[in-house]
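Q: I should like to learn how to read a two-chain model, taking one feature after another. Could we begin with a single helix and then proceed to the contact between the chains?

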Amino acid sequence: MESSQSDFTSPPTDIAPSKGWVSLRLRELWEFRELLYFLTWRDIKVRYKQTVLGAAWAILQPFMTMVVFSLFFGRLAHISSGSSNIPYPIFSYAGLVPWTFFAYGLAQSSNSLVGNAQLIKKVFFPRLVVPIASILSGLVDFALAFIVLLGMMLVFGIAPTINVIFLPFFLLLAFITALGVGLWLSALNVEYRDVQYMVPFLVQFWMFISPVAYPSSLLSGPWRTLYGLNPMVGVLDGFRWALLGSTGAPGPMIGLSIIVAILILISGAFYFRRMERNFADVV
Amino acid sequence: MGDLVIRSEQLSKRYRIGALQQGYRTLRETLVDLAKAPYRAARRAVRRESKPGEQLIWALRDIDFEVHQGEVLGIIGRNGAGKSTLLKVLSRITEPTTGRVRVAGRVGSLLEVGTGFHPELTGRENIYLNGAILGMRNAEIDQRFDEIVAFSEIEKFIDTPVKHYSSGMFLRLAFAVAAHLTPEILLVDEVLAVGDERFQKKCMGKMESVGKEGRTVLFVSHNMNAIQRLCQRVILLEDGKVRADGETSEVISEYLNADRSEAECKEWSEPALAPGDETARLKRVRLLDRSNALCSSFEIREPVQIEVEYWAFNPEYPFMPILLIHNENSVCVLESAANHDPAYNGKSRRRGIYRSVCTIPGNFLNEGMYNVDVLVRVLVPRQYFIRESNLLSFRVQDSGSGLSVKGDFPKAWSGVVAPMLPWETEVRPLGSGVGTPGSPHKTIVPASVSAEGKSPPKKKK
């Protein structure tokens, strides 16, 4: 059949098999921003439905972990909060707040495509919306836990430094890292459900290699550089620096963290887009 | 005719289906396989190979068609013909394997009612969520919100979580949101079977008005009534290919007649090859319509004629053909023999070729597929000469364009058979006195007879 564009009065959308690496189609993503908003809103709204404690869970999880950390790491193992004299509970809680956001986002986004399989099979929209929304919904929990953090600082008499203006940047870095890994894992999870079993382990493992319960200053020399490959090191150190002024200003290591995070995000996004064509058939 | 809005060129879609069932394996084999699995899976992931034993099927194969602005196009075909896959490709849910489609205009697809509804959210919240999922803008939903609620008839429960809704309420709300989509091109997959009869009529009406508004609609359905009412043009898909594309009633009748699992004729040219023995052999069995033309798909109100031709070689036995009709659930609906014909029953069969025709009256068998077994035997003492199962099969369906027991009821009618039985209804007005019934006013609804005018099953020789 002769395919001439001229028969169409308005320019048609082409639906054809995509070949090789495809573009990210970010413009399309922007067009579906309302859907992104509604899916995020849905996840937030539904999250604590039918729980007794409701949104208190958002606070309880990091707070109780902090209590346990303070008891075992702070009291018994005598792990200090680094060079500064920030009390250990504040130190660990200030790490747990962004960490919980990251861990939640990672777990949710990895499972997001499979969890929304019905939607993916029946409706068209840029699939990127799904993992992004699942991480964004963690922001409410983050905000609640953060308010508690501010309250604790008040109690311990610690004033935030002026560097607090950089806080959103570190939150963004945590978001980028969670999304980058989440894109890889969610796309893999569509085909290999092994991912589901891997994620809890990965989160736990990642926590041990991140300065959540201990300061990154415990490591030194070349180990420190290797450590910096983990973007969460930059996030957690940066978070504490911006809020508590505990550790020194982030040095070149933060640059490494940013580069790694962005590389994971970009590769994840392309991998995701490449696999996207099969999602509806496989999920 | 309006502007071109959809053009599909050589559109094909291939699916992988899982490995075929393999034979039993030993535990050792399974364990070895298990041990190797991560390696193989990794290699497959890297090389994008298919799993061994996986089968490829073409759900769509070289589909070409065009749709113009304002057309309401029906897509019909059996299960697995590729109808839903076609809509999925058009709505960009899944990519074609080869070929392409060009679509001009905003596409809204409605492949399922209630996609993305969340049971924990209220009706109001779900309207917004579902609207957004189906591609409505927030402002659009605001504007149509009252209309949607009114259409769904659940005003009172709009702020109740939908998990407390009855399934009917849930579906009504879901359809109401979907019905208020306003894309330029609407793709609809089999969603009219929603709610009770009254609501279904409302949905049909809504769909009709969407068509009249000049929007382009592609409508997949198994409901030929709905297709007949809504569409001017129909595409018939078969095994992923376009089998017919044209005027609605022509394509529908082609579809109904082209059922390949139906067998309307079996014939044996040589007695030696035919089923039977030295007493009797089958020559030919056929399904005929009222004009004696071969037919395998019958309107419910039309009679089904089953013709059996057989050779008789041995005058010793007064055998006769017997038909067993089974429905798709393998229930034997009836057994019929020519034993009420005094000119035939019990007489010896002189050598020759016999032809017996049995007529199953219209408005007797319910809708469905039927298989015909043919026996040639003597009833007493029991003795078989021919025993052939599933020689013929045919379909009975109700296209809704005439008198039948189900009338225009849009869903399946229960029962193995669907005869139109005589009903009498009388009404006694509520009298003022106690124990003295008013003079009965009697209405008698006469038995409606089939179009042919004969209602009880009758055998014809």
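A: Let us begin with helix α5 of chain B, residues 167-179, bearing in mind that this is a predicted model. At 1.5 Å a residue, its 13 residues should span 18 Å, and the end C-alpha atoms are 18 Å apart, so the expected and computed spans agree.

Q: How many of the residues of α5(B) are buried, and which are they?

A: In general, an α-helix has 3.6 residues a turn, so residues three or four places apart point the same way. Here α5(B) is mostly covered, with 10 of its 13 residues buried. The buried set consists of Phe170(B), Leu171(B), Arg172(B), Leu173(B), Ala174(B), Phe175(B), Ala176(B), Val177(B), Ala178(B) and Ala179(B).

Q: Against which elements do the buried residues of α5(B) pack?

A: Their partners within chain B are β5 (107-110), α3 (123-133), α4 (138-152) and α6 (197-212). As for the chain as a whole, chain B has 8 helices and 21 strands. Of its 461 residues, 37% are buried. Among contacts in chain B between residues at least 6 apart in sequence, 71% join residues at least 24 apart.

Q: How should a positive phi be read, and where does one occur in chain B?

A: Most residues other than glycine have a negative phi, and most peptide bonds are trans. Arg92(B), although not a glycine, has a positive phi of about 70°. Arg92(B) lies in the loop between α2 (83-90) and β4 of chain B. Glu153(B), likewise not a glycine, has a positive phi of about 60°, and its place is in the loop between α4 and α5 of chain B.

Q: Why do Arg92(B) and Glu153(B) count as partly exposed?

A: The class follows from the number of C-beta neighbours inside 10 Å, where 20 or more would make a residue buried and 12 or fewer exposed. Arg92(B) has 18 such neighbours and therefore counts as partly exposed. Glu153(B) has 17, so it also counts as partly exposed.

Q: How many residues does each chain give to the contact between chains A and B?

A: The size of an interface is often given as the accessible area lost when the parts come together. Counted by residues instead, this contact takes 31 from chain A and 38 from chain B. On the side of chain A, the elements that give two or more residues are β1 (13-15), α2 (33-47), α5 (117-122) and α12 (252-282). The largest share of that side, 6 residues, comes from α2(A). By class, the side of chain A divides into 15 nonpolar, 6 polar and 10 charged residues.

Q: Which strand of chain B is joined to β1(A), and do the two run parallel or antiparallel?

A: The partner is strand β4 of chain B, residues 98-103; 3 bridges join the two strands, which run antiparallel. Ile15(A) stands opposite Val101(B) in β4(B).

Q: At what angle do helices α8 and α9 of chain A cross, and which residues meet there?

A: The axes of α8(A), residues 167-191, and α9(A), residues 194-208, come within 7 Å and cross at roughly 145°. Leu185(A), Leu188(A) and Asn189(A) of α8(A) meet Val195(A), Gln196(A) and Val199(A) of α9(A). This contact has 4 nonpolar, 2 polar and no charged residues.

Q: Where in chain A is confidence lowest, and where is it highest?

A: Where pLDDT is low, the predicted coordinates should not be read in detail. Chain A averages a pLDDT of 87, and 95% of the residues score at least 70. Confidence in chain A is lowest in helix α10 (residues 222-228), at a mean of 79, and highest in helix α6 (residues 129-136), at 95.

Key: Residues are numbered from 1 along each chain as its sequence is written. Chains are lettered from A and ligands numbered from 1 in the order in which they are written. This is a predicted model: local features need pLDDT of at least 70, side-chain atom pairs count only at pLDDT 80 or more; totals for chains, interfaces and linings use all residues. Helices (H or I, at least four residues) and strands (E, at least two) are DSSP runs, numbered from the N terminus. The expected span of a helix is 1.5 Å times one less than its number of residues. Two residues are in contact if their C-beta atoms, placed from the backbone, lie within 7 Å. Ala, Val, Leu, Ile, Met, Phe, Trp, Tyr, Cys and Pro count as nonpolar, Asp, Glu, Lys and Arg as charged, and the others, Gly among them, as polar. Two strands pair if DSSP finds at least two bridges between them. Axes are lines fitted to C-alpha atoms, for helices over the stretch in contact, and angles run from 0 to 180 degrees between N-to-C directions. pLDDT is the predictor's confidence in each residue, from 0 to 100.
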